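Trainee: I would like to go through this structure slowly, asking about one part at a time. Could you reason each answer out with me?

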Amino acid sequence: MGSVSDNLRRSRELSQSDSGRLDLEVLLGHILQQPRSWLYTWPEYLLSEIEQQQFDALFRRRANGEPVAHLVGRREFWSLPLKVNNSTLIPRPDTEMLVEVALEMFPQKQLRLLDLGTGTGAIALALASERPGWQIIATDKSVAALALARENCQQLKLNNVRFLRSDWFADVPRLSFDLIVSNPPYIDAADPHLQQGDLRFEPHSALVAPERGLGDIKLIARQCKHFLSPQGWLMVEHGWQQATDVHQLFATVGLHQLSSRRDYCHHQRLTLGCFSAG
């Protein structure tokens with residue numbers, strides 16, 4: 001058995017992670033059921049035999065590259081604790097930018113929103129928590145993903161989100177949405193990053209899209225006009241080198257007032273446009 005400080009020093013063994021110390025803090029806190037601050041208050045605490053075995057097992061899995069979120073079964077997004085598993089993408093901090101932009105652009109208390117490919121429910125639930133008067137439909141074609149999103153919604157006690165199984169717009173009712181948001185697959189199947197890091201453990205169906213990663217975004221852009229209200233908006237997250245292509249796609253289908261927003265690394269990762277029925 002080792003102490004808290006002994007186990008944290010093992011971060012140097014996690015050569016594949018650029019956040020090894022943080023990874024071990026999260027894993028130790030999970031095993032000990034304590035906040036990270038506790039680890040620094042009691043660095044001399046000796047793990048019991050069972051606690052050490054549990055930590056060693058998680059450490060080996062992390063050393064093999066498994067995402068920390070999968071190991072502890074949760075990830076925080078927009079300060080909301082979300083359950084995660086290998087049926088969906090792990091919510092990324094950069095996707096919070098989409099939530100920020102939506103809240104900034106739409107301060108109104110009443111709005112009809114569609115979240116396409118909801119995964120864990122992160123975007124829909126974050127917006128639902130901030131705008132309880134919004135009517136939100138969140139879709140995914142994965143039964144497992146929808147079950148997870150519903151569970152997260154129930155845990156957060158949010159009652160303004162309806163979940164619907166649909167392959168993009170296939171089974172979405174024509175309700176004239178004021179805002180459609182999506183973080184769709186946008187990685188090229190030939191991208192070498194798919195064989196690296198956390199991406200190896202996430203479903204490729206939620207990562208990879210045809211046509212150099214633009215196929216799903218193209219489908220969403222082409223069909224959105226049938227579901228947007230007059231002056232409704234489409235907002236899509238995409239790859240950091242895809243902003244120009246997405247602008248062109250949006251313009252081709254008749255969206256206007258086009259703009260892109262930068263993520264926390266200053267890459268253009270979000271493009272939005274407005275639809276005019278006239």
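Trainee: Which residue in E5 does Ile137 stand opposite?

Mentor: Bear in mind that this is a predicted model. Strand E4 covers residues 135-140 and strand E5 covers residues 161-165, and the two pair in the parallel sense over 5 bridges. Within this pairing, the residue of E5 that stands opposite Ile137 is Arg162.

Trainee: Through which helix does the chain cross from E4 to E5, and what is the handedness of the crossover?

Mentor: The chain leaves E4, passes through a helix made of residues 143-156, and arrives at E5, which gives a β-α-β crossover. The helix is H8, and the crossover is right-handed.

Trainee: Which helix gives the most residues to the largest nonpolar core?

Mentor: The largest nonpolar core has 36 residues, and those touching the most other members are Leu125, Leu127, Ile136, Val161, Phe163, Leu179 and Met235. The helix that gives the most to this core spans residues 122-130 and supplies 7 residues, and it is helix H7.

Trainee: How many residues does the second, separate core have?

Mentor: As a general background, nonpolar side chains in soluble globular proteins tend to be buried together. Here a second core, separate from the largest one, includes Leu114, Ile137, Leu164 and Leu207, and its number of residues is 28.

Trainee: Is Phe55 buried or exposed, and what is its relative accessible area?

Mentor: Phe55 is found in helix H4, and, leaving aside residues up to four places away in sequence, it touches Asn7, Arg10, Leu24, Leu27, Leu28, Ile31 and Leu47. Asn7 lies 48 residues from Phe55 along the chain, yet their C-alpha atoms are separated by 8.7 Å. Because buried means under 20% relative accessible area, Phe55 counts as buried, with a value of 0%.

Trainee: Which helices do the buried residues of H2 pack against?

Mentor: Helix H2 runs over residues 20-32, and its 13 residues reach 18 Å from the first C-alpha to the last, close to the 18 Å expected. Its buried residues include Leu24, Leu27, Leu28 and Ile31, and these four are among the residues that Phe55 touches. The buried residues of H2 pack against helices H1, H3, H4 and H5.

Trainee: What value of phi does Gln33 take, just after H2?

Mentor: The place to look is the residue that follows the end of H2, which is Gln33. Its phi is positive, at about 55°.

Trainee: Is Glu66 buried or exposed, given that its side chain meets that of Arg61 in a salt bridge?

Mentor: The side chains of Glu66 and Arg61 meet at 3.1 Å, N to O. Arg61 is partly exposed, with a relative accessible area of 37%. Glu66 has a relative accessible area of 17%, and is therefore buried.

Trainee: How many residues apart are Arg269 and Glu237?

Mentor: The side chains of Arg269 and Glu237 meet in a salt bridge, at 3.3 Å from N to O, and both residues are buried. The pair links distant parts of the chain, with Arg269 in strand E9 and Glu237 in strand E7, and the two residues are 32 residues apart.

Trainee: How many salt bridges does a search of the whole structure find?

Mentor: One further pair is Glu211 and Lys218, whose side chains meet at 2.6 Å, N to O. There is also a network of salt bridges linking Arg21, Glu25 and Arg36. For the whole structure, the number of salt bridges found is 12.

How values were computed
Residues are numbered from 1 along each chain as its sequence is written. This is a predicted model: local features need pLDDT of at least 70, side-chain atom pairs count only at pLDDT 80 or more; totals for chains, interfaces and linings use all residues. Side-chain values use heavy atoms; hydrogens and water are left out. A nonpolar core is a set of buried Ala, Val, Leu, Ile, Met, Phe, Trp, Tyr and Cys residues joined through side-chain atoms within 4.5 Å. Buried means under 20% relative accessible area, exposed over 50%, partly exposed in between (1.4 Å probe, protein chains only). Helices (H or I, at least four residues) and strands (E, at least two) are DSSP runs, numbered from the N terminus. Two strands pair if DSSP finds at least two bridges between them. A crossover is right-handed if, with the strands pointing away from the viewer, the path from the first strand over the helix to the second runs clockwise. The expected span of a helix is 1.5 Å times one less than its number of residues. Contact means heavy atoms within 4.5 Å. A salt bridge is a side-chain nitrogen of Lys or Arg within 4 Å of a carboxyl oxygen of Asp or Glu.
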